[in-house]
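Hi,

Here is the structure I promised to pass on. My notes on its helices and surface follow below.

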Amino acid sequence: MSVDHLLAVHLSLAVGGYEIGAGRTVPTVAAVLALTGVVLGGLALARPTGRIGPVGRRGAAVVGLVLGLVGAVVGGLHAANSAGGLGTGNGLAGAVAAVVLGLIGTVVAGLALARSRRTV
């Protein structure tokens, strides 16, 4: 085995003859992170008071904001660097979904964060 072979990182998941390579794994993870940001931002926006799991409303809004930004940035970088179009297996559709969900999560979590700063 060569050093290059040992240092190479290959992400693949073979399920029933279908392989998810690194081209699809990265934007899929980014889209899941962005979707988590949308959900946390929505919960923080919908809850007038109280806690959301172990964190408060403001903490959930901050986590949702960060996850939305991470999903949008990683999806945007992957979309900019992917070769080929939709359906080529390079993960462009997942990257576009990550950007859209990341922007939605950022806006929703930002609204929740702004609303949590108001005093009644």
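Angles under 35 degrees count as roughly parallel, over 145 as roughly antiparallel, 65 to 115 as roughly perpendicular and the rest as oblique. The axes of H3 (residues 57-81) and H4 (residues 92-117) cross at roughly 155° and come within 7 Å, so the two helices are roughly antiparallel. Axes here are lines fitted to C-alpha atoms over the stretch in contact, with angles from 0 to 180 degrees between N-to-C directions; helices are DSSP runs (H or I, at least four residues), numbered from the N terminus.

This is a predicted model, where local features need pLDDT of at least 70, side-chain atom pairs pLDDT 80 or more, and totals for chains, interfaces and linings use all residues. Residues are numbered from 1 along each chain, and side-chain values use heavy atoms, without hydrogens and water.

You may also like the nonpolar patch on the surface, which includes Leu33, a residue of helix H2. H3 gives the most to this patch, four residues.

Best wishes

Terms used: Patches are made of residues with over 30% relative accessible area and no salt bridge: like charges are joined within 9 Å, nonpolar side chains (Val, Leu, Ile, Met, Phe, Trp, Tyr) within 5 Å. Accessible areas come from the Shrake-Rupley method with a 1.4 Å probe; for residues, only the protein chains shown count as cover. A salt bridge is a side-chain nitrogen of Lys or Arg within 4 Å of a carboxyl oxygen of Asp or Glu.
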